[in-house]
Amino acid sequence: MTFDLKRVLESKKALRRKLAARPVGEKLAMLDALRERALALREAGDHLRHSTVHEAPEKYRPVQNKEKHPKR
Amino acid sequence: MSSISQVIAMINRLEADGIVERYAIGGAVGATFYLEPVATLDVDIFVTSRPEPEKALLSLQPIYDYLTARGGIIEGEYIVIAGWPVQFLPSAGTLVEEALTNAVTVQVEGIPARVFTAEHLAAVALQTGRAKDKARLLQFVESGAIDAGHFKAILNRHGLDNQWREFERTFLSGAK
């Protein structure tokens, strides 16, 4: 473990290379897991947004981007 | 078998049964064949179909009919297969047409999957030009997954040289 940014960046690059070199079937299975995680984070974000007290009234808040994909 | 493999198996059947003439996987799922996996929420499938004589535009209805009869669920612009929202994109423009023609077949857990070449995925990302497409293009460049000569020839054929110069100037100047 190090706080040397150069070494941190190198290790990130190495991890990316290692992941890229995995068999395609394994990488596609990772996409399944990543998607589950992304959806869970998105749902948590939605919950947080709706449970927060806002200073600005609803109509003056920035419009959220529409969902690109249907929710489960 | 992963859920995406199930999607691929279904799309293979769709093609084998003649509902589409040819398909190829693009987008983030396509990029995963060459790069490290990056989170995505949907699967982009590019398709060509046999033109119906009385219709100028390609209809996706036969695809939707076929897949809903086999358990697919339509949700907006997507059809959900094995839990994944799948978007069918008709080949529009010469670059995507060429990408479909040159797509390669890769075996995934014993299932053949047709996917755009790395160079075509990178060129389509450059042409599409959203922030996430630029990020994907950078991944391709940094990983060395694309053949520079082949990539530049594609850009030249499809009038993307200026966009590439701008991309290089913005993101790659000074890069080691």
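The following exercises, each with a worked solution, concern a predicted model.

**Exercise 1.** Determine how strands β6 and β7 of chain B run relative to each other, and how many bridges join them.

*Solution.* Step 1: Locate the strands. Strand β6 of chain B covers residues 104-108, and strand β7 of chain B covers residues 111-115. Step 2: Establish the direction and the bridges. The two strands run antiparallel and are joined by five bridges. Step 3: Identify a pair of facing residues. B:T105 of chain B has B:R114 in β7(B) opposite it. Step 4: Examine the connection. β6(B) and β7(B) form a hairpin, with two residues between them.

**Exercise 2.** Which residue in the turn of the β6(B)-β7(B) hairpin has a positive phi, and is this residue buried, partly exposed or exposed?

*Solution.* Step 1: Inspect the loop between β6 and β7 of chain B, where B:E109 is found. Step 2: Read the backbone angle. Phi of B:E109 is near 50°, a positive value in a residue other than glycine. Step 3: Count the neighbours. Within 10 Å of B:E109 there are 16 other C-beta atoms. Step 4: Apply the cut-offs. A residue is buried at 20 or more such atoms and exposed at 12 or fewer; B:E109 is therefore partly exposed.

**Exercise 3.** Where is B:A82 found, and how many C-beta neighbours does B:A82 have inside 10 Å?

*Solution.* Step 1: Place the residue. B:A82 lies in the loop between β4 (78-81) and β5 (84-90) of chain B. Step 2: Read phi, which for B:A82 is near 50°, a positive value in a residue other than glycine. Step 3: Count the neighbours. B:A82 has 19 C-beta neighbours inside 10 Å, and so counts as partly exposed.

**Exercise 4.** Describe the packing of helices α6 and α8 of chain B.

*Solution.* Step 1: Choose the quantities. Two packed helices are described by the angle between their axes and the distance between the axes. Step 2: Apply them. Helix α6 (residues 131-143) and helix α8 (residues 161-172) of chain B pack at an angle of about 80°, and their axes are 12 Å apart. Step 3: Classify the angle. Values of 65 to 115 degrees count as roughly perpendicular, so α6(B) is roughly perpendicular to α8(B). Step 4: List the residues that meet. B:K134, B:L137, B:L138 and B:V141 in α6(B) meet B:F167, B:F171 and B:L172 in α8(B). Step 5: Sort them by class. The contact has six nonpolar residues, one charged residue and no polar residues.

Terms used:
Residues are numbered from 1 along each chain as its sequence is written. Chains are lettered from A and ligands numbered from 1 in the order in which they are written. This is a predicted model: local features need pLDDT of at least 70, side-chain atom pairs count only at pLDDT 80 or more; totals for chains, interfaces and linings use all residues. Two strands pair if DSSP finds at least two bridges between them. Helices (H or I, at least four residues) and strands (E, at least two) are DSSP runs, numbered from the N terminus. Axes are lines fitted to C-alpha atoms, for helices over the stretch in contact, and angles run from 0 to 180 degrees between N-to-C directions. Angles under 35 degrees count as roughly parallel, over 145 as roughly antiparallel, 65 to 115 as roughly perpendicular and the rest as oblique. Two residues are in contact if their C-beta atoms, placed from the backbone, lie within 7 Å. Ala, Val, Leu, Ile, Met, Phe, Trp, Tyr, Cys and Pro count as nonpolar, Asp, Glu, Lys and Arg as charged, and the others, Gly among them, as polar.
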